[in-house]
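Me: Could you take a close look at one part of this model for me, the surroundings of the ligand, and then follow the chain outward from there? I work at the bench, so please keep tying what you say to residues I can find on the screen.

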Amino acid sequence: AQAGGSAQMGKNTIPGVKHVIAVASGKGGVGKSTVSANLAVALAKEGYKVGLCDCDLYGPSVAHMFGSRERPLATEDNEIIPIEAHGVKLMSMGFLLEENSPVIVRGPLATQYTQQFLKNVLWEDLDYLILDLPPGTGDIQLTIVQTISLTGAVIVTTPQEVALIDARKAVSMFAKVNVPLLGLVENMAWFECDLGTRYPIFGEGGGQREAEKLKIPLLGQIPIDIPTRRQGDDGAPVALLPAEANASSAAFTRIAKS
Ligand code: ADP
């Protein structure tokens, strides 16, 4: 999908980057970072040049999910060179701080850091730059959607009503600033046990119903499973596994192909 012309006028583009896609959720803990990381990996597996910018300054997880603790270097012009892991260019507060150090800054400074991640990092020559936004509709999200020309936004939710309520708020935020909604990803859609029985732990059909109500596509459903959690913890997102080997990897591959 292309950014809608006039709505994006006056916003900044990122040099060399063809498409900027924001991944957002209303509620925290629904798997937004997991989906961002896996979409980035799945797109890279399709042969696209991909970057992932962790805009969740207060809870950065990209460094951990990609298993890297490298420190980014800067050029003479003070531009930051992104870290590269699993075929994806990365930037995250997690590369700049010790793992247990909290980010203690107020909104305006956090917003400034986020802007720097987008403007002062040498993303260069990317088909897709994925932005892992913080949960909710606060300062950082607003600054990004108002100042950067986004191709579109992907909303992550679980099927549960409390997550859907917050997902709706995120959808309204993007709609208000005329950012096209690419669709909804329903994470933790079900748990499948060895016998092939599916247990809809967080409810059934919530993503589909919501997508229909909001008139946006349901891009995919990701099951809750141990490999998705473990691969993330081990620094190698589950989408790196062959699609035939894991249902989540297969789902991310389908989304990347679409
Ligand atoms: P958010 O970015 O929305 O806060 P995360 O991506 O950090 O959420 O996910 C929260 C936790 O749930 C993480 O520990 C992650 O490994 C786990 N998780 C997310 N999606 C899945 C899934 N589909 N299957 C299993 N575990 C998942």
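Reply:
**Around the ligand and outward**

Ser33 is buried, because 29 other C-beta atoms sit inside 10 Å of its own, and 20 or more is enough to count as buried. Please keep in mind that this is a predicted model. Ser33 belongs to helix α1, and beyond its close sequence neighbours it is in contact with Asp56, Ser61, Val62, Met65 and Asp132.

Why start there? Ser33 is one of the residues that come nearest to the ligand; Gly31, Lys32, Thr34 and Arg229 are the others, out of 19 residues around it. Two elements each give two or more residues to this shell, namely α1 (32-45) and α7 (226-233). By residue type, the shell holds 11 polar, 5 nonpolar and 3 charged residues.

There is a database record to set beside this. The unreviewed UniProt entry carries a "binding site" annotation on Gly26, Lys27, Gly28, Gly29, Val30, Gly31, Lys32 and Ser33. Gly31, Lys32 and Ser33 are therefore worth finding on your screen, since the annotation covers them and they are also among the residues that come nearest to the ligand. Within the annotated stretch, Gly29 sits in the loop between β1 (17-24) and α1. Is Gly29 buried or exposed? Gly29 is exposed, because just 12 other C-beta atoms lie within 10 Å, and 12 or fewer is the limit for that label. So one annotated residue, Gly29, is exposed, while another, Ser33, is buried.

Now follow α1 itself. Helix α1 has 14 residues and reaches 20 Å from its first C-alpha to its last, close to the 20 Å expected at 1.5 Å a residue. Of those 14 residues, 13 are buried, so the rest of the structure largely encloses this helix. After α1 comes Gly47, with a positive phi near 100°.

From Ser33 you can step to a neighbouring strand by way of Asp132. Asp132 is in contact with Ser33, and it is also in contact with Cys53. Cys53 lies in strand β2 (residues 50-54) and counts as buried, because it has 27 C-beta neighbours inside 10 Å. Its other contacts away from its own stretch of sequence are Met91, Phe117, Leu118, Leu129 and Leu131. Leu129 is a nice one to pick out: it is 76 residues from Cys53 along the chain, yet their C-alpha atoms are separated by 7.2 Å. Leu129 and Asp132 are part of β5 (126-132). In the loop between α3 (107-119) and β5 you will find Asp125, which has a positive phi of about 50° although it is not a glycine. Asp125 is exposed, because it has 12 C-beta neighbours inside 10 Å.

A second path leads from the annotated stretch to helix α5. Gly26, which the UniProt annotation includes, is touched by Lys169. Lys169 is found in α5, and it also touches Thr137. With 12 C-beta neighbours inside 10 Å, Lys169 counts as exposed. Lys169 and Gly138 are 31 residues apart in sequence, with 11 Å between their C-alpha atoms.

Helix α5 (residues 161-176) has 16 residues and spans 23 Å from first C-alpha to last, close to the 22 Å expected at 1.5 Å a residue. Which residues of α5 are buried? They are Ala163, Leu164, Asp166, Ala167, Ala170, Val171, Met173 and Phe174. Looking down the axis of α5, these buried residues fall within an arc of 170°, so they line one face of the helix. The spacing makes sense, because an α-helix has 3.6 residues a turn, so residues three or four places apart point the same way. What covers that buried set includes β1, α4 (139-147), β6 (152-157), β7 (181-187) and α6 (206-214). On the other side of α5, Glu161, Lys169, Ser172 and Lys176 are exposed.

Just after α5 comes Asn178, in the loop between α5 and β7. Its phi is near 60°, a positive value in a residue other than glycine. Asn178 is partly exposed, because 14 other C-beta atoms lie within 10 Å.

Notes:
Residues are numbered from 1 along each chain as its sequence is written. This is a predicted model: local features need pLDDT of at least 70, side-chain atom pairs count only at pLDDT 80 or more; totals for chains, interfaces and linings use all residues. Helices (H or I, at least four residues) and strands (E, at least two) are DSSP runs, numbered from the N terminus. Two residues are in contact if their C-beta atoms, placed from the backbone, lie within 7 Å. A residue is near a molecule or strand if its C-beta atom, placed from the backbone, lies within 6 Å of it. Ala, Val, Leu, Ile, Met, Phe, Trp, Tyr, Cys and Pro count as nonpolar, Asp, Glu, Lys and Arg as charged, and the others, Gly among them, as polar. UniProt positions are given in the numbering used here, feature names are shortened, and annotations may be inferred rather than shown by experiment. The expected span of a helix is 1.5 Å times one less than its number of residues. The arc is that of the directions from the helix axis to the C-beta atoms.
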